[in-house]
Amino acid sequence: MANIIPLADVDPALIEALLDRAFEPDRHKRTAYKVREGTEWLPGLSFAALDEHDMLAGTIQCWPVALTDAAGRKHPLVMVGPVAVLPEQQGRGFGKALMTASLAALDPRAPLPQVMIGDPDYYGRFWGFTNEATGGWDLPGPFERHRLLVRCDNPAVLPAEGTLGPWKG
């Protein structure tokens, strides 16, 4: 059973070491890093999973991003990820617990759409993420179009086209 705690309670050096192990040190070159460049993760939606020995096993971070439409209007979204679990801890439910905790922390009175780059079958089955509304969206770097996913109570509010990038007010 995972013990889920706020990510803000974890030493940043431990978070970086876990991310390096989960995704390799070259992870900073990935397009997802460009999407959220210059922003800070959202403490209220970001968590850590501790194993049965209270050792860090996984993390999830969420970020403020925006989809800028053709008219230049910014539509705020929450970027979910990375969801990172140490290789030797994978398959034990830590990632699922982290995703569940993060999405449960969203304010149900005004939930922003959530976007992520991930496996559409996995994230669709458990949390309702889909790529149906993202076909006309662009990112600031290479990506596999079918892996750009969104979760939204009312997909009609989402622009059909736009570029995803950091939310900078």
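I take a residue as buried when its relative accessible area is under 20%, as exposed when that area is over 50%, and as partly exposed in between. The model I am reading is a predicted one.

**Entry 1. Strand E3**

I began with Gln 61, which is found in strand E3. Is Gln 61 buried or exposed? Its relative accessibility is 4%, so I enter Gln 61 as buried. I then listed what Gln 61 touches, not counting residues up to four places away in sequence: Leu 7, Ile 15, Leu 19, Trp 41, Ser 46, Met 79, Val 80, Gly 81 and Pro 82.

I next looked up Leu 56, whose place is also in strand E3. Leu 56 has a relative accessible area of 16% and is therefore buried. With residues up to four places away in sequence left out, Leu 56 touches Val 10, Leu 14, Ile 15, Leu 18, Ala 48, Ala 49, Leu 50 and Leu 86. I also noted the separation of Leu 56 from Asn 3: they are 53 residues apart in sequence, and their C-alpha atoms are 9.6 Å apart in space.

**Entry 2. Helix H4 and its ends**

I turned to helix H4, which covers residues 120-127. At its N-terminal end I found Asp 119 as the cap, with a side-chain oxygen 3.0 Å from the backbone nitrogen of Asp 121. After H4 comes Gly 128, which has a positive phi near 80 degrees.

**Entry 3. Aromatic rings**

How many aromatic pairs does the count come to? I record six aromatic pairs. One of them joins Tyr 122 and Phe 126, edge-to-face, at 5.1 Å centre to centre and with 65 degrees between the planes. Both residues lie in helix H4, four residues apart, or about one turn of the helix. Tyr 122 is partly exposed at a relative accessible area of 25%, and Phe 126 is partly exposed at 33% relative accessibility.

I then examined the rings of Tyr 123 and Trp 127. Their centres are 5.8 Å apart and their planes stand at 35 degrees, so I enter this pair as tilted. Tyr 123 and Trp 127 are likewise four residues apart in helix H4, about one helical turn. Here Tyr 123 is buried at 13% relative accessibility, and Trp 127 is buried at 11%.

Which residues form one aromatic cluster? I list Tyr 122, Tyr 123, Phe 126, Trp 127 and Phe 129.

Elsewhere I looked at Tyr 33. The charged end of Arg 36 sits over the ring of Tyr 33, at 4.1 Å from the ring centre.

**Entry 4. Nonpolar cores**

In soluble globular proteins, nonpolar side chains tend to be buried together. I therefore looked up the largest nonpolar core, which has 21 residues. Ile 60, Val 80, Met 99, Leu 103, Met 116, Tyr 123 and Phe 129 touch the most other members. Strand E2 (47-50), strand E3 (56-68), strand E4 (74-85), helix H3 (94-104) and H4 each supply at least two residues of this core. Which element gives the most to this core? I find that H3 does, with five residues.

Apart from this core lies another, of 14 residues, and I note Leu 67, Met 79, Trp 137 and Leu 164 among them.

Finally, I traced the contacts of Phe 129, leaving aside neighbours within four places in sequence. Phe 129 is in contact with Val 80, Met 99, Leu 103, Gln 114, Val 115, Met 116, Pro 120, Tyr 123, Gly 124, Leu 149, Val 150 and Arg 151.

Note on methods
Residues are numbered from 1 along each chain as its sequence is written. This is a predicted model: local features need pLDDT of at least 70, side-chain atom pairs count only at pLDDT 80 or more; totals for chains, interfaces and linings use all residues. Side-chain values use heavy atoms; hydrogens and water are left out. Rings of Phe, Tyr and Trp (its six-membered ring) pair if their centres lie within 6.5 Å; planes under 30 degrees apart count as stacked, over 60 as edge-to-face and the rest as tilted. Buried means under 20% relative accessible area, exposed over 50%, partly exposed in between (1.4 Å probe, protein chains only). A charge sits over a ring if NZ of Lys or CZ of Arg is within 6 Å of the ring centre and within 35 degrees of the ring normal. A nonpolar core is a set of buried Ala, Val, Leu, Ile, Met, Phe, Trp, Tyr and Cys residues joined through side-chain atoms within 4.5 Å. Contact means heavy atoms within 4.5 Å. A polar contact is a pair of N or O atoms within 3.5 Å; within protein, one must be able to donate a hydrogen and the other to accept it, and residues adjacent in sequence count only if both atoms are side-chain atoms.
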